[in-house]
Amino acid sequence: MKDGEAAFPFAGPSLFEEPSRFSEPWEAQVFALVMTLQEAGLFTPAEWARALGKAIRPENAPEAPADYTHWLIALEALLAARGITDAALIGARSAAFLRAAEATPHGAPILIENDPRYGR
Amino acid sequence: MTQHHDHDHDEASSTLSPIAARVRALESILIEKGYVDPAALDALIARYETQVGPHDGARVVARAWVDPAFRERLLNAATPAIAELGIGGRGGEHMVVVANTPETHNLVVCTLCSCYPWTVLGLPPVWYKSPPYRARAVIDPRGVLGDFGLVLPDATRITVWDSTAELRYMVLPMRPPGTETLDEMQLAALVSRDAMIGTGLPAARESEA
């Protein structure tokens, strides 16, 4: 499964030891974006729950875990509905970050300025 | 799927998975447009990674075990009672604490998505967000508890509480027998995250070394 999501049921003592933390930095970033935007009043907790509930129940597909991949899908949908971002803008910026990563020495922070096409 | 760590790749450059790039993109757009402040994002992540967690809920439970008046306030209006201990969120969620009794065991789920009492338990475990838990907690709670190794007497009634965006449930487990001499901190150490979701019980007191 994606994002390190484990299956259910999970018998055994390891269940009680399982840490609840972010498995990758991007999960923490999505979480922080949602919480911060909610606290700022851009959407209410109920609106967020509805968006996430919808994102994990795609048409013609089984119900998905409410993991951070689906948090991202729900957040993008909410922001698009508010006219704040759209798929094209996010897609273009993502491509720039991927190019920036490629151009960034291993271990150095990946900055958008490292994109060879940045500013052109 | 791009591998992004612990694998051979071009040593000269960094790698970013497509989803990580998408999140970076979204974040940078929101920062540019002034919707979020990068320092606030970092602070929130640090708070959830290092401060907020089930130890907060365990403090609430232990206080309720030693202080009957607090227990009453907690069960009547959980959010302000929890705030007495310096624990609380900035969100609009209301906390409701449901007490286990010899007759009734409580179990918490969010059938819609993954609503969870962040402020007292931190981040939800992976299984809490999984479709099987969301579905089965309601239709077969006893079976779910069995998967967690928790077998309750047949006579014990199981009540399932469905968390929502605005109403977050936490279970107040029963104080284990044989813990009369423990102080509040020692009691808190017996309270696991799962005991406060209802998929577990507090640890029995370990014999003195």
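Student: In which order do the elements of chain A run from the N terminus on?

Tutor: One reads such an order by following the chain from its N terminus and naming each element in turn. In this predicted model, the elements of chain A run α-α-α-α-α. Chain A therefore has five helices and zero strands, as helices and strands are assigned here.

Student: How many helices and strands does chain B have?

Tutor: Chain B has 10 helices and four strands. From the N terminus on, its elements run α-α-α-α-α-β-β-α-α-α-β-β-α-α.

Student: What share of the residues of each chain is buried?

Tutor: A residue counts as buried when its relative accessible area is under 20%. In chain A, buried residues make up 48% of the 120 residues. In chain B, 51% of the 209 residues count as buried.

Student: What share of the contacts in each chain comes from residues 24 or more positions apart?

Tutor: Here one considers the contacts with a separation of 6 or more. Residues 24 or more positions apart account for 67% of these contacts in chain B, and for 40% of them in chain A.

Student: How does one describe two packed helices?

Tutor: The description rests on the angle between the two axes and the distance between them. Consider helix H4 of chain A, residues 68–81, and helix H1 of chain B, residues 18–32. They pack at an angle of about 35°, with their axes 11 Å apart. The crossing of H4(A) and H1(B) is left-handed.

Student: Which residues meet where H4(A) packs with H1(B)?

Tutor: From H4(A) come Thr69(A), Leu72(A), Ile73(A), Leu75(A), Glu76(A) and Leu79(A). They meet Ile19(B), Arg22(B), Val23(B), Leu26(B) and Leu30(B) in H1(B). By class, this contact has eight nonpolar, one polar and two charged residues.

Student: How many cavities of 30 Å³ or more are there, and how much space lies in the largest?

Tutor: A cavity is a space in which a probe fits but from which it cannot get out. The count here comes to one cavity of 30 Å³ or more, and about 100 Å³ of space lies in the largest cavity.

Student: Which residues line the largest cavity?

Tutor: Its lining has 14 residues, and those nearest the centre are Trp48(A), Trp71(A), Cys115(B), Trp118(B) and Arg168(B). By class, the lining divides into 10 nonpolar, two polar and two charged residues.

Student: Which element supplies the largest share of that lining?

Tutor: H3(A) does, with four residues. Helix H2 (25–39) and helix H3 (45–55) of chain A each supply at least two residues of the lining.

Technical notes:
Residues numbered from 1 in each chain as written. Chains lettered and ligands numbered in written order. Predicted model: local features only at pLDDT ≥ 70, side-chain atom pairs only at ≥ 80, totals over all residues. Heavy atoms only, no water. Axes fitted to C-alpha atoms, helices over the stretch in contact; angles between N-to-C directions. Left-handed = near helix turned anticlockwise from the far one by under 90°. Contact = heavy atoms within 4.5 Å. Nonpolar A, V, L, I, M, F, W, Y, C, P; charged D, E, K, R; others polar. 1 Å grid on protein atoms, 1.4 Å probe; cavity = no way out; pocket = protein on both sides within 12 Å on 5 of 7 lines; lining within 4 Å. Points joined across faces, edges and corners; volume = space filled by probe spheres on them. Buried < 20%, exposed > 50% of the residue type's maximum accessible area, 1.4 Å probe, protein only.
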